[in-house]
Each structure stands twice: as structure tokens, then as C-alpha cells.
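I opened the model to look up strand pairing, burial and backbone details. My entries follow in the order in which I made them.

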Amino acid sequence: MKHFTLFAVVGSTVLAALLFSGCASAPTAGTGASFKGPIGLQLYSLRADFKKDVPGTMARVATFGFKDVELAGTYDMKPEPFLALLKSNGLNAVSGHFSYDMYRTNAHGVAHLAEELGLKFAGCAWIPHQGDFDEKEARDAAAVFNAAGKALAEHGIKFFYHTHGYEFRPHGNGTLFDLIMAETDPKLVSYEMDVFWVVHPGQDPVKLLNKYGSRFELMHVKDMKIGTKGDLTGKSDVNNDVELGTGVMDWPAILAAAKKADVKWYFIEDEADEAARHMPGSLKYLEGVKF
């Protein structure tokens, strides 16, 4: 039997609340009746603040209600003190981004660093290229990713590639992204769908999720300002990122497809100058979205 205590505040109105012992803890910020998460924050969203004050910004991340984060560097801190800072703020690093050249030249070094940081996933968000991304660069990247995936797997860490728009250039009956998918080993390489960087080059995130299913293990939940002009450059004004639910994305359809595809982790990434101001509204939107 659950026990309860009745509290009353005496005044012109009597307010009461039932506190149940043994019940599940309060829902995590950003989750609700439909969207269950888990939802974290890509810390790159607050990069300008981290440059000024790492401890203060980390504390601010916690005040939003996040428990999990994705890393984009450690702000010149060694892994041990950085992890201590995360822990002191009740935060857990799930995933991290590292440069393509690090994977290409020293994948085992990345694996050791990711292990020191306690990561479950380590990925790459940009393939260096000059001009239009092409077939050779796509095939070369697939080879790098397979090797990186093998090195990371030896440490119990999963490698992923994060979509960034330029890889959706047409190729054969599909795109260069389809080629990278085909050329990478599903046992070694997973993917992080950045919804913005799927829609920006004119692709449909629901169709991609339905097509590739569980290969998308992670997702960047990012909305796009209405009227944004897309292209295949993988580049856009950072202020085309807007508070979730205020842009062009059909989140009920996207999140339903992501759930069906068994996406394991979701991260808000908001690169806008006003990202911190957007955060409470974005979390509130996820809490109330229905699908």
C-alpha cells in the first residue's frame, strides 16, 4: 500500500497536495505522454557561453532539467576534471563528436579518449571536402567510418555519422548518403539524424527513418525557421535554428517515425544566438507534443 501525507496551507484558500512514497520519480524534462525520450542537450548549443564560463554554463545546463548531454569537446579540460564537473551538476555524457581527421589518423586514440569520458557513442559530424561533396569522398569516408567503428567497438563504444546536408547530393538512383549507408557495416557504424540537416537539402526525415530504421540510433532534434532556403552546402545561418514547434518540422510525424525506428537517444541542438532562451520552450513543446 502507498503511504501519503496531506499538506495544507491555511489562509483564504486551503491548498492540498498528496505526496506518495514509493511512486516513480517525476518525468524528465522534455518528456511527456507521447515523447518518452531520453532527451539530452548537445553542449555545442551553448558554445559561446562555455568559452566564457565553463562551470557556470554547465550549471545552467542542469537548471534546464537535462540529465544527459552530448559533447563537442571538453573546453581544454582533461577528461577527469571534466567528468567531475559533469557529475557535480548531475549530468551524464552519453555521446560525443570528434573530428574526421582524428578518426582517419588515430581511431584508437579517439576510442581511448571516448572511453575515458565514459561515452556510449562517439561520432563524426563533418567530412572535410572542397566544393561539392563527391563519390570518392563518400567512399573514402565510408572506409574511415568502418575502421573507426571497429576500433571503438573494441572498447564497447558505438561509432556514428551525423548527417550534415551535403551528403544528399544525387548519386545513381539515390544520394551519396545512400552510398555511405550501403558501404558501411551496420554492425560497426550507426547514424545520428540531424533533422535540420535532412530537411535543409530537401529530404524527408520520415521517409529516411522508415527506410533505414534502426541504423539511426541517435537524433538531433532541431527546428528550422519558416522561409529558410535550403541547399546542398551543409551550411546555414545559425539563426535559422528556432525553438522547437515554431518552425517547419512536422514533429509528430518525425517523432512517431523515430520511435518506430527505435532511435535510442535524442539531443536538442540549437545553434542560434538565442539558444539558451529557446531551451525552456523547446522542452515544453516536447512535453506536450502528441503522436
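**Entry 1: E14 and its partners.** I began with strand E3 (residues 39–42), which pairs with E14 in the parallel sense over 3 bridges. In this pairing, Ile39 stands opposite Tyr266 in E14. I should record here that the model is a predicted one. I then looked for a further partner of E14 and found E11, again in the parallel sense, over 4 bridges. Here His220 has Phe267 of E14 as its bridge partner.

Next I checked which way the side chains of E14 (residues 265–268) point. Trp265 and Phe267 go one way, Tyr266 and Ile268 go the other way, and all are buried. The residue that faces Ile39 across the bridge, Tyr266, is thus listed with Ile268 on one side of the strand.

**Entry 2: E10.** Which strands pair with E10? I found strand E7 (residues 158–162), joined to E10 by 4 bridges and running parallel. I also found strand E11 (residues 216–221), joined to E10 by 4 bridges, parallel as well. For the register, I noted that Tyr161 stands opposite Tyr191 in E10. On the E11 side, Met193 stands opposite Met219.

How many of the residues of strand E10 are buried? I read 6 of the 6 (residues 189–194), so the strand is largely enclosed by the rest of the structure. The cut-off that matters for this reading is a relative accessible area under 20%. I listed the directions too: Val189, Tyr191 and Met193 point one way, while Ser190, Glu192 and Asp194 point the other way. Glu192 and Asp194 are buried along with the others.

**Entry 3: H6.** I moved to helix H6 (residues 176–183), where 6 of the 8 residues are buried, so the helix is largely enclosed by the rest of the structure. The buried ones are Leu176, Phe177, Asp178, Leu179, Ile180 and Met181. What do they pack against? I found H5, E10, E11, strand E8 (170–171), strand E9 (174–175) and helix H8 (205–212).

**Entry 4: Leu152.** I picked one residue of helix H5 (residues 135–153), namely Leu152. Is Leu152 buried or exposed? Its relative accessibility is 1%, so Leu152 counts as buried. I then listed what Leu152 touches, leaving out residues up to four places away in sequence: Tyr103, Val110, Ala111, Ala114, Ala122, Ile157 and Phe159. I also took a C-alpha to C-alpha distance from Leu152 to Thr105, which is 14 Å for a separation of 47 residues in sequence.

**Entry 5: backbone oddities.** I went through the backbone angles and wrote down three places.

- The peptide bond from Gly37 to Pro38 is cis, with omega near 5°. Pro38 lies in the loop between strand E2 (15–20) and E3.
- Tyr75 is not a glycine, yet its phi is positive, at about 55°. I located Tyr75 in the loop between strand E4 (68–71) and helix H3 (79–88). With 22% relative accessibility, Tyr75 counts as partly exposed.
- Asp262 also has a positive phi, near 65°, in a residue other than glycine. I located Asp262 in the loop between helix H9 (251–261) and E14. Its relative accessible area is 44%, and Asp262 is partly exposed.

**Entry 6: the whole chain.** I left the totals for the end. The chain has 10 helices and 14 strands. Its radius of gyration is 20 Å, close to the 19 Å that the globule rule gives for 291 residues, so the chain is as compact as a globular protein of that length. Along the principal axes, the C-alpha atoms fill a box of roughly 75 × 45 × 40 Å.

I noted that 49% of the 291 residues count as buried. Of the contacts between residues at least 6 apart in sequence, 75% join residues at least 24 apart. The accessible surface is about 14,000 Å², and 54% of it belongs to carbon and sulfur atoms. I counted 30 positive and 36 negative charges, whose mean positions are 5 Å apart.

Technical notes: Residues are numbered from 1 along each chain as its sequence is written. This is a predicted model: local features need pLDDT of at least 70, side-chain atom pairs count only at pLDDT 80 or more; totals for chains, interfaces and linings use all residues. Side-chain values use heavy atoms; hydrogens and water are left out. Buried means under 20% relative accessible area, exposed over 50%, partly exposed in between (1.4 Å probe, protein chains only). Helices (H or I, at least four residues) and strands (E, at least two) are DSSP runs, numbered from the N terminus. Two strands pair if DSSP finds at least two bridges between them. The radius of gyration is taken over C-alpha atoms; the globule rule is 2.2 Å times the number of residues to the power 0.38. Contact means heavy atoms within 4.5 Å. Accessible areas come from the Shrake-Rupley method with a 1.4 Å probe; for residues, only the protein chains shown count as cover. Lys and Arg count as positive and Asp and Glu as negative; His and the chain ends are not counted. The place of a charge is taken as NZ of Lys, CZ of Arg, CG of Asp or CD of Glu.
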